[in-house]
Amino acid sequence: MMELRLPGDKSLTHRALLLAALAEGESRLRGLLAGADPLATRDAVEALGVPVGPIPRDGGEVRVPGVGLRGLREPTEVLDGRNSGTTVRLLLGVLAGQRLVAQLTGDETLRRRPMRRVTVPLGAMGARFRELGAPGCLPIEVQGSRLRPLAHVSPVASAQVKGAILLAGLVGGVPVSVVEPGQSRDHTERLFGGLGLPVGWGQEKEGWRVWLAEPPATVPPLDLSVPGDFSSAAFFLVLGLVSGPGAAVRVVDVGLNPTRTGLLAVLARMGARFEVERASEDQCGEPVGSVVAYGSGLRGADVGAFEIPRLIDEIPILAVAAARADGVTRITGAGELRVKESDRIAALATNLRAVGVRADELPDGLEIEGTDRPLVGGVRTYGDHRIAMAFGVLGALPGNRIEIRDPAVVDVSFPGFWEILRSLSPGRERGARGGAATRDAARPTASGHAGGAGPHKGRAVDEGDAAAPRPASRHAAPRGRGPIVTIDGPAGSGKSTTARAVARRLGFRHLDSGALYRALTFALLDAGIAPDRWPQLTPADLDPFRIVLRPGDDGFAVVLDSRVLDAELRSPQVTDRVSELSQLPVVRTWLLAHQRAAGALGWLVADGRDMGTVVFPDADLKVFLTASLEERARRRLRERGITEPGTTQLKAEMRRLEARDERDQRRTLSPLRSPEGAVFVDTTQLSFDAQVEAIVRRAQDLTPS
Ligand code: S3P
């Protein structure tokens, strides 16, 4: 199996450099990407009076002597973002609140990209902008000023817009909020949170809201290790997937931020086999880990607007996967692609056709018909690094010959790309012609060859198995069935981990009702039924989904049609949407029958919000877990990798939980309340083992033995 460690994340590198420049004191940054885009940010930061120095290609440490939030110096030269939209848009936010005048420009492509999405909201905060070229485009002069608070509703889901406004709020010392139609990558928020800034976020009726409350006057220095860039990993993961049986590519130490990994969910729908392993420690406040992709037969899929923000940069390589999949892939709701480093919709369709793939341009996406014919031809990159790399991967597949005219453009985000690509296609003449030698920033490490026996995403099973009684339990079965223990409680009370441990101790099965809601969420998304249609769902719409709980040794496998769902249930898309679905009365009623069927024979520990009140009102032991608001907030933050939250962050999480409790309690169907006759277990002061023990003891009291 080939194992790769890839250069640092581009989005995080830009943000780390900018925040380090604004910090009070010396920051230490490791793993920065030495690509052309972040170097444009580094150069701009230096022109503003902060000496950063070289960024080593091996990820070695860079020390940045920050000058404080408003200590930047007026530049004597025009700040050139070159090809990097993130550089100029985030810089505009930083400069909006500095008392200085600066001019920003970019290369020919960047000068065509829209800037009013940031200058309009920043202008509303009080900064002044002069467009010196085409309307709405660079070059632009910014005159920073004293800023006003802002509540902005952005028509596009864009991390650059959101980041620019958050940075302006920070520098200007004023609260800001941004609502976006769907959640874009959340690196700025995470970094702010890590620095103890009062940042918050959540889904609201109008969209995804992110806010910065009254910011402090200074930012502490950063000490960060930037993980590998998932967007770079994507190229080699897809290469592994489409390289036929036996192929396997493993990428280690890569960022797994769920707002970035939407590609994995789509590939899973297409039939991809991969394994994701999350490391126990986060880096930069971001989840990291490894991903292994195994050669898989792919089928076409529909990719819709709701998932686009999470894979926006991966659509070029997704198009390559689609070109090698069986059937048609239809990508819609991706109009933003037209204003990236190139018009990626036009570039992908033109290039795919040029090498022999049927591809149609849609106003906001693409339709691609996969083929296994050899693909031969020349493509244009339009100066776009991701177009070059995507066709590089396609050209590296056996039988294909694709000529790429300006391969050096990959340096923007991935110096060393061609060397790795060549190392992954040993014994093969370069399929992607061009491949000019680039500096090697990444370290590919070969470690043997895959036997092709990767894990299976979905195991086919027989349907219709009935729940069988637990063989070796010593508990009596009241009323003709085995005992049922229900564990309910508010969000963050730890009910599902507790229930699982209690079930294991008792030798009962664990019913995780959340998995059922997740299965239905997955099924609906997979069938292309978009969340905005869910409120209108009727039981007749749900009936065709064959979801079965199949009894296993200590729990239930969730089977959709004949496929066991596992990783799919925890995909970011499902996690994001499941609570929306579980609010719907029609869904709760529909799933009631499934849950009761699982409890028909008893020997069950079931956890949820309405297990003791609605699903199993005649349960033998009903437990209601509680914990103080503060303790629950701490647990939630810990789940997100924040072990020592600042007071503001903790308070924000407490407020969120309180609001959620209130919503859960007010719901008309299955409101959160303690079941009649429930045993209260307050876990605030209890260790996990002690709380499990307390429940196990009660359950054992159920039977004389
Ligand atoms: C980025 C945000 C995205 C992405 C770009 C990097 C960032 O752009 O396409 O490559 O680091 O904020 P938009 O914010 O325009 O979607």
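Three helices, α1 (10-22), α3 (85-96) and α5 (159-172), each supply at least two residues of the shell around the ligand. The model is predicted. Of the shell, the largest share comes from α1, with three residues.

**The ligand site**

In total, 13 residues surround the ligand. The closest are Ser11, Arg15, Ser158, Asp313 and Lys340. What is the make-up of the shell by class? Seven residues are charged, four are polar and two are nonpolar.

Where does the ligand lie relative to domain 1 and domain 2? Domain 1 spans 10-220 and domain 2 spans 230-446. Both give residues to the shell, so the ligand lies between them.

Three polar contacts with oxygen atoms of the ligand are set out here.

| Residue | Protein atom | Distance to a ligand oxygen |
|---|---|---|
| Arg15 | polar side-chain atom | 2.6 Å |
| Asp313 | polar side-chain atom | 2.6 Å |
| Gln160 | polar backbone atom | 2.9 Å |

Arg15 and Asp313 thus appear twice in this account: both are among the closest residues, and each places a polar side-chain atom 2.6 Å from a ligand oxygen. Gln160 uses a polar backbone atom instead, at 2.9 Å. On its own, the ligand has 390 Å² of accessible area, and the protein covers 97% of that.

**A salt bridge across the chain**

Side chains of opposite charge can pair when their charged atoms come close. A search of the whole structure finds 47 salt bridges. One of them joins the side chains of Glu341 and Arg113, at 4.0 Å from N to O. This pair links distant parts of the chain, 228 residues apart. Glu341 sits in the loop between β17 and α10 (344-355). Arg113 sits in the loop between β5 (101-105) and α4 (116-125).

**Strand pairing**

Strands of a sheet pair through backbone hydrogen bonds, either parallel or antiparallel. One open sheet here has four strands in the order β16-β17-β19-β18, and its pairing is mixed. Which strands form the edges? They are β16 (302-303) and β18 (358-362), each of which pairs on one side only. β16 runs parallel to β17 (residues 328-331), and two bridges join them. Within this pair, Val303 has Ile331 of β17 as its bridge partner.

β7 (residues 140-143) has two antiparallel pairings to follow. β5 is joined to β7 by four bridges. There, Leu104 stands opposite Ile140 of β7. β6 (residues 128-131) also pairs with β7 in the antiparallel sense, over four bridges. In that pairing, Phe129 faces Val142 as its opposite residue in β7.

**Backbone exceptions**

Most residues other than glycine have a negative phi, and most peptide bonds are trans. Two places in this model depart from that pattern. The peptide bond joining Leu138 and Pro139 is cis, with omega at about -5°. Pro139 lies in the loop between β6 and β7, the two strands that pair over four bridges.

The other place is Arg82. Its phi is near 55°, a positive value in a residue other than glycine. Where is Arg82 found? Arg82 is in the loop between β4 (79-80) and α3. That helix, α3, is one of those that supply at least two residues of the ligand shell.

Methods: Residues numbered from 1 in each chain as written. Predicted model: local features only at pLDDT ≥ 70, side-chain atom pairs only at ≥ 80, totals over all residues. Heavy atoms only, no water. Near = heavy atom within 4 Å. Polar contact = N/O pair within 3.5 Å; in protein donor to acceptor, adjacent residues only side chain to side chain. Areas by Shrake-Rupley, 256 points an atom, 1.4 Å probe, with all protein chains shown as cover. Nonpolar A, V, L, I, M, F, W, Y, C, P; charged D, E, K, R; others polar. Domains from an automatic or database assignment. Pairing = 2+ DSSP bridges.
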